[in-house]
Amino acid sequence: MEKQAIQPFLTVANYNLLGQQMNKILQTIATSKDTNVVQTVRGLVQKEISENVVMTNSEAQLIEPIYSVTERAAGESYLQDLKLYVIPFKPITASTIKSLFKKEKKLKLPNLERLDFQQICYFAWDDLGTHRKYVILEQDDKLKAIKGTFANNTVRGICAICNRHADVGLFTTSIKGNVVGTYTNHSNYICADSDTCNQHVTDMNKTITFFERIT
Ligand SMILES: [Zn+2]
């Protein structure tokens, strides 16, 4: 009987997590000669992945080579093969964006041409002229639009989205208050470069919770 083909099952954040965890093993191998230490890290990686990635048995088997990785080149090519199983972000076109930001006059559209939907956990772009930052997020199978301002003067700090130490700037959103005409501002430091930020998101729930809190 023919084996049933495995359908894409990894979110972009899951895929980032696999890469991050694989690096942890490779870094341990590079810095420690103690096989017990390497074994321990392999075990921790396996635990971290199985706790955070929802998988069937056959899907779990498919990612097993990550735990036994010994050299970078093989690991990288293995990760590349796994791209087949990444669920891409919902397709976004110029008209999707216009309908998501209907109320926004003079909306500056992003360049969608070279966008790799298998590499984004959230989609963000800037209007440098107005200091606006626009974000599109997938939540409960729907696209959610978020608008804020982004301060250009960046500093080194922790990004509220990917939790990494990076060049960050203040992202400010406004929430309407109970009294008409009142607003509450929320300011958080996030990565100035949304592309690299995306590559470091390993837990989509945390990212969704963050955006929920500020909108
Ligand atoms: Zn970030």
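Which helices do the buried residues of α1 pack against? I began there.

**Ground rules.** The model is predicted: I accept local features only at pLDDT of at least 70 and side-chain atom pairs only at pLDDT 80 or more, while totals for chains, interfaces and linings use all residues. I number residues from 1 along each chain as its sequence is written.

**Entry 1, helix α1.** I take helices (H or I, at least four residues) and strands (E, at least two) as DSSP runs, numbered from the N terminus. The buried residues of α1 pack against α2 (35–52), α4 (72–82), α6 (194–199) and α7 (204–213). Contact here means C-beta atoms, placed from the backbone, within 7 Å. I call a residue buried if 20 or more other C-beta atoms lie within 10 Å of its own, exposed if 12 or fewer, and partly exposed in between. In α1 the buried set is V12, A13, N14, Y15, N16, L17, L18, Q21, M22 and I25. I then checked the length of α1. The expected span of a helix is 1.5 Å times one less than its number of residues. For the 20 residues of α1 (residues 12–31) that gives 28 Å, and the end C-alpha atoms are 29 Å apart, which agrees.

**Entry 2, domains.** I find domain 1 (12–85) and domain 2 (94–213). The bounds come from an automatic or database domain assignment. Their C-alpha centres lie 30 Å apart. Seven residues from domain 1 and ten residues from domain 2 make the contact. On the domain 1 side, α1 gives the most, with five residues. That side has three nonpolar, three polar and one charged residues. My classes: Ala, Val, Leu, Ile, Met, Phe, Trp, Tyr, Cys and Pro are nonpolar, Asp, Glu, Lys and Arg are charged, and the others, Gly among them, are polar.

**Entry 3, the core.** Which residues touch the most other members of the largest nonpolar core? I get Y122, C159, I190 and C191, out of 36 residues. Such a core is a set of buried Ala, Val, Leu, Ile, Met, Phe, Trp, Tyr and Cys residues joined through C-beta atoms within 7 Å. At least two residues each come from α1, α2, β1 (122–127), β2, β5 and β6 (183–191). Helix α1 gives the most, with seven residues. Both domains give residues to this core, so it lies between them. I followed C159 further. Leaving aside neighbours within four places in sequence, C159 is in contact with R164, A166, V168, Y189, I190, C191 and C197.

**Entry 4, strands.** I count strands as paired if DSSP finds at least two bridges between them. β2 (residues 132–139) and β3 (residues 142–150) are antiparallel over eight bridges. Y134 has K147 of β3 as its bridge partner. Two residues lie between the strands of this hairpin, and D140 takes a positive phi near 50 degrees. β3 also pairs with β5 (residues 165–176), antiparallel over two bridges. T149 stands opposite T172 in β5.

**Entry 5, loops with positive phi.** H131 sits in the loop between β1 and β2. Its phi is near 60 degrees, positive in a residue other than glycine. H131 has 14 C-beta neighbours inside 10 Å, so I log H131 as partly exposed. N163 lies in the loop between β4 (155–158) and β5. N163 is not a glycine either, yet has a positive phi of about 60 degrees. With 15 C-beta neighbours inside 10 Å, N163 is partly exposed.

**Entry 6, S50.** Is S50 in helix α2 buried or exposed? S50 is exposed, with 12 other C-beta atoms within 10 Å. The C-alpha atoms of S50 and A60 are separated by 8.1 Å, with the two residues ten apart along the chain.

Methods
Two residues are in contact if their C-beta atoms, placed from the backbone, lie within 7 Å.
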